[in-house]
Amino acid sequence: MEVKALLTPEVNADELNLPAEVARKLKGKRVTIVEVREGFLLKPVEDPIREARGILKGKGFNVEKYLQSKQLEKDLET
């Protein structure tokens, strides 16, 4: 399948006139419009930083523990 990106790399899905079901699924997301042989593809833009946010919440891991582990690694190297 040949893929060709359009000049506008990203738009807010809310700015597009989409069917209600599609608009509901894409609400608040950014999408890329890609031209493929069959027509156009709306592809949600993934932000790995935003998706990973909160993944350690409630796990007992914090900045202080991270710094301690890095110091321990540094001590073990010497």
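Is E73 buried or partly exposed? With a relative accessible area of 42%, E73 is partly exposed. Let's use that residue as a way into the rest of this model, which is predicted.

**Overall layout**

The protein holds 3 helices and 4 strands. Read from the N terminus, its elements follow the order β-β-α-β-β-α-α. Mean pLDDT for the protein is 80, with 88% of its residues reaching 70 or more. Among the elements, helix 3 has the highest mean pLDDT, at 91, while strand 1 (residues 3-5) has the lowest, at 50. Where pLDDT is low, the predicted coordinates should not be read in detail. A little care is therefore in order with strand 1, given its mean pLDDT of 50.

Of the 78 residues in the protein, 12% are buried. The accessible surface amounts to about 7,300 Å², and carbon and sulfur atoms account for 55% of that area. Turning to contacts between residues at least 6 apart in sequence, 33% of them join residues at least 24 apart.

**Salt bridges**

Across the whole structure, a search finds 2 salt bridges. Here they are side by side:

| Salt bridge | Closest N to O | Citation |
|---|---|---|
| E21 and K25 | 3.7 Å | |
| K70 and E73 | 3.2 Å | |

E21 and K25 both belong to helix 1 (residues 20-26), and because they are 4 residues apart there, about one helical turn separates them. E21 counts as partly exposed because its relative accessibility is 48%, whereas K25, at 60%, counts as exposed.

The partner of E73 is K70, and the two meet in helix 3. Being 3 residues apart, K70 and E73 are also separated by about one helical turn. K70 has a relative accessibility of 38%, so this residue counts as partly exposed, as does E73 at 42%.

**A nonpolar patch on the surface**

Helix 3 spans residues 63-77, and V63 is found in it. At 59% relative accessibility, V63 counts as exposed, the threshold for that class being over 50%. V63 is also one of the members of a nonpolar surface patch, along with I55, L56, F61, Y66 and L67. Together these residues have about 620 Å² of accessible area.

**The nonpolar core and its surroundings**

In soluble globular proteins, nonpolar side chains tend to be buried together. Which residues make up the largest nonpolar core here? It has 6 residues, namely V11, A13, L18, L26, V31 and I33.

What does V11 touch, leaving aside residues up to four places away in sequence? V11 touches L16, K29, R30, V31 and I33. Two of these contacts, V31 and I33, are fellow members of the core.

L16 sits in the loop between strand 2 (11-12) and helix 1. This residue is partly exposed because its relative accessible area is 27%, and buried would require under 20%. With residues up to four places away in sequence again set aside, L16 touches V11, V31 and L42. L16 and V31 lie 15 residues apart in sequence, and their C-alpha atoms are 10.0 Å apart in space. The pair is nonetheless in contact, and V31 is touched by V11 as well.

Notes: Residues are numbered from 1 along each chain as its sequence is written. Side-chain values use heavy atoms; hydrogens and water are left out. Patches are made of residues with over 30% relative accessible area and no salt bridge: like charges are joined within 9 Å, nonpolar side chains (Val, Leu, Ile, Met, Phe, Trp, Tyr) within 5 Å. Accessible areas come from the Shrake-Rupley method with a 1.4 Å probe; for residues, only the protein chains shown count as cover. A salt bridge is a side-chain nitrogen of Lys or Arg within 4 Å of a carboxyl oxygen of Asp or Glu. Buried means under 20% relative accessible area, exposed over 50%, partly exposed in between (1.4 Å probe, protein chains only). Contact means heavy atoms within 4.5 Å. pLDDT is the predictor's confidence in each residue, from 0 to 100. A nonpolar core is a set of buried Ala, Val, Leu, Ile, Met, Phe, Trp, Tyr and Cys residues joined through side-chain atoms within 4.5 Å.
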